[in-house]
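Here's a quick walk through a protein model, starting at the surface and working inward. Have the viewer open while you read.

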Amino acid sequence: MLILTLTGPAGLEGLDRVEVTIADPLPGRHPVITGGPTQQELDAQVWDPFRFVVSTADVTGHGTAQAERVRPAPRCIWPCNALPHPHG
């Protein structure tokens, strides 16, 4: 579970929008083995131990979530699940 809590700076009433992305530590991956994952499969793969649950409100993809009108309370909570390994 990813929990986002707005804690400061003092006097900050909130943010209009926050977007969270699980980043690929090695961007620009390309297929290297014939019959291996396609470029589309590599681009769709989240390269992290966990990914966002896409059936959750405010989750736009396994690697991206966003929240509108973020205030210091309540917290934004996005469920995650263990990531399946890419085929190949």
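## A half-open isoleucine

Isoleucine 77 has a relative accessibility of 38%, so it counts as partly exposed. You'll find isoleucine 77 in strand 6, which covers residues 76-78. Keep in mind that this is a predicted model.

Which residues form a nonpolar patch on the surface with Ile77? Its partners there are Met1 and Ile3, and the three together have about 310 Å² of accessible area.

## How the strands pair up

Strand 5 is a good place to look next. Strand 5 (residues 64-70) runs antiparallel to strand 2 (residues 15-21), and 6 bridges join the two. One pairing to pick out is valine 20, whose bridge partner in strand 5 is alanine 65.

Strand 5 also pairs with strand 4 (residues 59-61), again in the antiparallel sense, over 2 bridges. These two strands make a hairpin, with 2 residues between them. Here alanine 65 turns up again: valine 59 stands opposite alanine 65 in strand 5.

## The nonpolar core

In soluble globular proteins, nonpolar side chains tend to be buried together. In this model, the largest nonpolar core has 10 residues: Leu6, Val18, Val20, Phe52, Val59, Ala65, Ala67, Val70, Cys76 and Trp78. Strand 2, strand 5 and strand 6 are the elements that give two or more residues to this core. Strand 5 supplies the largest share, with 3 residues.

Val18 is one of the core members. What is valine 18 in contact with, once neighbours within four places in sequence are left aside? The list is Leu4, Ala65, Gln66, Ala67 and Val70. Among those contacts, Ala65, Ala67 and Val70 belong to the core as well.

## Aspartate 58, just before strand 4

Aspartate 58 is found in the loop between strand 3 (50-52) and strand 4. Is aspartate 58 buried, exposed or in between? Its relative accessibility is 44%, so aspartate 58 counts as partly exposed.

Not counting residues up to four places away in sequence, aspartate 58 touches Ala65, Gln66 and Trp78. Of these, Ala65 and Trp78 are members of the largest nonpolar core. Ala65 and Gln66 are also contacts of valine 18.

For a sense of distance, try histidine 30: it lies 28 residues from aspartate 58 along the chain, and the C-alpha atoms of the two are separated by 29 Å.

Conventions. Residues numbered from 1 in each chain as written. Predicted model: local features only at pLDDT ≥ 70, side-chain atom pairs only at ≥ 80, totals over all residues. Heavy atoms only, no water. Pairing = 2+ DSSP bridges. Helix = DSSP H or I, 4+ residues; strand = E, 2+ residues; numbered from the N terminus. Patch = residues over 30% accessible without salt bridge, like charges linked within 9 Å, V, L, I, M, F, W, Y side chains within 5 Å. Areas by Shrake-Rupley, 256 points an atom, 1.4 Å probe, with all protein chains shown as cover. Salt bridge = Lys/Arg side-chain N within 4 Å of Asp/Glu carboxyl O. Buried < 20%, exposed > 50% of the residue type's maximum accessible area, 1.4 Å probe, protein only. Core = buried A, V, L, I, M, F, W, Y, C linked by side-chain atoms within 4.5 Å. Contact = heavy atoms within 4.5 Å.
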